[in-house]
Amino acid sequence: MAMASMAFCVNSVSFQNHGRYKSGMVFASLGNKEAATLGVRVTEGEGKLPKLVLSSPAGSEAEIYLFGGCITSWKVPSGNDILFVRPDAVFNKKKPISGGIPHCFPQFGPGAIQQHGFARNVDWTVGDSENVEGNPVVTLELKDDSYSRAMWDFSFHALYKITLNAKSLSTELKVKNTDNKAFSFNTALHTYFRASVTGASVKGLKGCKTLNKHPDPKNPVEGSEERDVVTFPGFVDCVYLDASNELELDNGLGDIISIKNTNWSDAVLWNPHLQMEACYKDFVCVENAKIGNVQLEPEQTWTAVQHLTIA
């Protein structure tokens, strides 16, 4: 197993281990020759925001913005981008990036703090980078600061490990309680998949208890999924509790995507239909989630893995 560590050099500022991104810096190039072999490069993305580009030897590629720790693109060797970024997405740090794989943490949906929490609305840092058997692996990290503690007064340390292979994209999220008191949270990966909504379908949800947020998201209707194949005929916003650890998405564009997970106990399907008339036909969200509260005592860690594979 070949491994190498990496340092990023940006305007003479090194990103190694716990480097912190400062707004306004222009990302130039990797700081050493060894790093260039890792299949990871730093570039300037939309809105001049720093972006990591991961490339595998087989020709797959992923793009990750440090703002929100958001994976915005996953291109497989055929050239197809499996993920989707909405045309109304903005890259000015005034709101989260609308598309790709945004984080929902420490809250999913509406609640005591901002919608879907703050993790998608702050800068993550590069904690580590390595090359494993020719494939790039990057770990991002997020810690509490004055902004997060103003709304959620706990100390935590989150690590988000992203691995790109020829036909798969894997993420591992670890949340550690670094406070001296217990806390609870819920979380999700709000994944936007490129799709033809009229042809898209999901298998693996039959028998799940459902919380259907249509037509009234504030009063979800409890039920049970009886379909072998779930489609998107109109507005869809449904939570599936205790879902299978493997779902199959047919994106209606010729791609079959396996969505496997460890410890993401629930799933969410979403498509806004006419609420987003400009783009609803071009994507579906199939989200791995932890809807119930995760309770962490001091020094405890919660870990969940998502593994996306193209057939």
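**Stop 1: two buried rings**

Select Phe 105 and Trp 152 in this predicted model: both residues are buried. Phe 105 sits in the loop between strand 8 (103-104) and strand 9, while Trp 152 sits in the loop between helix 2 (146-151) and strand 11. They are 47 residues apart, so the pair links distant parts of the chain.

How are the two rings of Phe 105 and Trp 152 placed, edge-to-face or stacked? Their centres lie 5.7 Å apart and their planes meet at 75°, so this pair is edge-to-face. For a pair of aromatic rings, the distance of the centres and the angle of the planes give the description.

**Stop 2: another partner for Trp 152**

Keep Trp 152 on screen and add Phe 118, which is buried as well. Here the ring centres are 6.2 Å apart with the planes at 55°, so the pair of Phe 118 and Trp 152 is tilted. Phe 118 belongs to the loop between strand 8 and strand 9, and Trp 152 to the loop between helix 2 and strand 11, so this pair ties together parts 34 residues apart in sequence.

Now widen the selection to Phe 105, Phe 118, Trp 152, Phe 154, Phe 156, Phe 183, Phe 185, Trp 264 and Trp 302: together they form one aromatic cluster. How many aromatic pairs does the structure hold? There are 19.

**Stop 3: the nonpolar cores**

Next, select Leu 140, Phe 193 and Leu 205, the residues with the most contacts inside the largest nonpolar core, which has 65 residues. Colour strand 11 (residues 156-164) too: with five residues, this strand gives the most to that core. A second core, separate from it, has eight residues, including Ala 188, Leu 211, Val 239 and Val 268.

Zoom in on Leu 205. Which residues does Leu 205 touch, leaving aside those up to four places away in sequence? The list is Glu 225, Val 230, Tyr 240, Ala 243, Leu 247, Ala 267 and Leu 269.

**Stop 4: the sheet**

Switch to a cartoon view and follow the strands in the order 9-10-11-12-24-21-20-15-18; these nine form an open sheet with antiparallel pairing. Strand 9 (125-132) and strand 18 (229-231) stand at the edges with a single partner strand each, so one side of each has no neighbour in the sheet. From one strand to the next, the twist averages 20°.

For a look at one pairing, select strand 15 (residues 201-203) and strand 20 (residues 246-250): they run antiparallel and are joined by three bridges. Click on Ser 201 and find its bridge partner in strand 20, Asp 250.

**Stop 5: Lys 143**

Move to strand 10 (residues 135-143) and pick Lys 143. Is Lys 143 buried or partly exposed? Its relative accessibility is 37%, so Lys 143 counts as partly exposed; the buried class covers values under 20%. Then try the distance tool on the C-alpha atoms of Lys 143 and Leu 159: these are separated by 9.0 Å, with the residues 16 apart along the chain.

**Stop 6: the whole protein**

Finally, zoom out and show everything. The protein has two helices and 24 strands. Of its 311 residues, 55% count as buried. Among contacts with a separation of 6 or more, 63% come from residues 24 or more positions apart. Turn on the surface to end the tour: the protein exposes about 13300 Å², and carbon and sulfur atoms supply 47% of that area.

Key. Residues numbered from 1 in each chain as written. Predicted model: local features only at pLDDT ≥ 70, side-chain atom pairs only at ≥ 80, totals over all residues. Heavy atoms only, no water. Core = buried A, V, L, I, M, F, W, Y, C linked by side-chain atoms within 4.5 Å. Buried < 20%, exposed > 50% of the residue type's maximum accessible area, 1.4 Å probe, protein only. Helix = DSSP H or I, 4+ residues; strand = E, 2+ residues; numbered from the N terminus. Contact = heavy atoms within 4.5 Å. Pairing = 2+ DSSP bridges. Axes fitted to C-alpha atoms, helices over the stretch in contact; angles between N-to-C directions. Phe/Tyr/Trp six-rings, centres within 6.5 Å; stacked < 30°, edge-to-face > 60°. Areas by Shrake-Rupley, 256 points an atom, 1.4 Å probe, with all protein chains shown as cover.
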